[in-house]
Amino acid sequence: MSGDDSGGRAEMHHRHRDVNGGWLRPSVFGAMDGLVSNFALIAGVAGGTGDTTVIVLAGVAGLAAGAFSMAGGEYVSVASQRELALAEIDVERRELERHPEAEQQELAKLYEDRGVEPAVAAEVARQISMDPDRALEVHTQAELGVTAQDLPSPRVAAISSFLSFGVGALLPLLPYLLGVTSLVTSAVISCLALFGAGALVSRVTARSWWYSGLRQLLVGAVAAALTFGLGTLLGGVGL
């Protein structure tokens, strides 16, 4: 007697990561942007002046301005994306109400295009179309790639972006807040954080941890070096 219960529910042997949520992208980009932008800002100001008060003020202003800007931008961006998707879902809902037979045929055709036999596709489409809510969900998933339940939240995106940017931007500023006046300490912490953040991102991508870490480190270091050079140049001419 086989141990496989073919009459029972199929068991799920794997899980997929959330690729459609409203928190992952703004969190990742917020932390990276906060770390790189404030590291570069602090390096640029430090290249132009040795006044620790000025450097700290610039770092705090960069953290606050960047965090609020990122949060506002993410909110508007995700809200607009969500409103567009909901408008298209409403279009599909009206089509299902006005032309149910045509929409059922369209759904059957979609299944046929994916390799399902015409008779089976027609029966599946008929059964799905018996439930208007399920029909809407299937149509929008097939035609738009989204469902109303899976749309990202603008508030979640904004809060995630705000917090992650603030954490990232705080790291290069932290040594100065603790009384350390050397840019070297801030640079070391920032470079370690850049590599660590890049390596962490590799867990949700197909890249290796060392490649992702080195790439992020290179991007941040180049940005800071160029800004430091610009600050040194402007500071040297008395601007």
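A residue counts as buried here when its relative accessible area is under 20%, as exposed when that value is over 50%, and as partly exposed in between. With that in hand, here are some close-up views of this predicted model.

**View 1. Leu107 is a buried residue of helix 3.** Leu107 sits in helix 3. Its relative accessibility is 1%, which is under the 20% limit, so Leu107 counts as buried. Glu143 makes a useful second landmark: 36 residues separate it from Leu107 in sequence, while the C-alpha atoms of the two are 9.5 Å apart.

**View 2. Leu194 of helix 7 is paired with Leu217 in this frame.** Leu194 belongs to helix 7. Because its relative accessibility is 0%, Leu194 is another residue that counts as buried. From its C-alpha atom to that of Leu217 the separation is 5.0 Å, and along the chain the two leucines are 23 residues apart.

**View 3. The whole chain, for orientation, is built from helices.** There are eight helices and zero strands in the protein chain. Its pattern along the sequence therefore reads α-α-α-α-α-α-α-α. Of its 239 residues, 32% count as buried.

**View 4. The second largest pocket holds about 300 Å³ of space.** It is lined by 17 residues, and those closest to its centre are Leu96, Pro132, Asp133, Ala135 and Leu136. Three helices each give at least two residues to the lining: helix 2 (52-98), helix 3 (100-113) and helix 5 (132-144). Helix 5 provides the largest share, with six residues. If you like to sort a lining by chemistry, this one has seven nonpolar, five polar and five charged residues.

**View 5. Phe68 and Phe162 form a tilted aromatic pair.** The model has three aromatic pairs by the ring-centre rule. In the pair shown here, the ring centres of Phe68 and Phe162 are 5.2 Å apart and the planes make an angle of 55°. Phe68 is in helix 2 and Phe162 is in helix 6 (residues 154-177), so the contact links distant parts of the chain, 94 residues apart. How accessible are the two partners, Phe68 and Phe162? Phe68 has a relative accessibility of 56% and so counts as exposed, whereas Phe162, at 31%, is partly exposed.

**View 6. Phe195 and Trp209 meet edge-to-face.** Their ring centres lie 6.0 Å apart and their planes are at 85°; an angle over 60 degrees counts as edge-to-face, so that is the class of this pair. Phe195 is in helix 7 (residues 183-201) and Trp209 is in helix 8 (residues 209-236), so the pair ties together parts 14 residues apart in sequence. The two partners fall into separate accessibility classes: Phe195 is partly exposed at 26%, and Trp209 is exposed at 52%.

**View 7. Helix 6 carries a kink at Leu171.** The bend there is about 50°, and it comes shortly before the proline Pro172. What span should the 24 residues of helix 6 have at 1.5 Å a residue? The expected value is 34 Å, and the end C-alpha atoms are 33 Å apart, which agrees. After helix 6 comes Gly179, with a positive phi near 100°.

Conventions: Residues numbered from 1 in each chain as written. Predicted model: local features only at pLDDT ≥ 70, side-chain atom pairs only at ≥ 80, totals over all residues. Heavy atoms only, no water. 1 Å grid on protein atoms, 1.4 Å probe; cavity = no way out; pocket = protein on both sides within 12 Å on 5 of 7 lines; lining within 4 Å. Points joined across faces, edges and corners; volume = space filled by probe spheres on them. Helix = DSSP H or I, 4+ residues; strand = E, 2+ residues; numbered from the N terminus. Nonpolar A, V, L, I, M, F, W, Y, C, P; charged D, E, K, R; others polar. Phe/Tyr/Trp six-rings, centres within 6.5 Å; stacked < 30°, edge-to-face > 60°. Buried < 20%, exposed > 50% of the residue type's maximum accessible area, 1.4 Å probe, protein only. Expected span 1.5 Å × (residues − 1). Bend = angle between axes of the 7 residues up to and from the residue.
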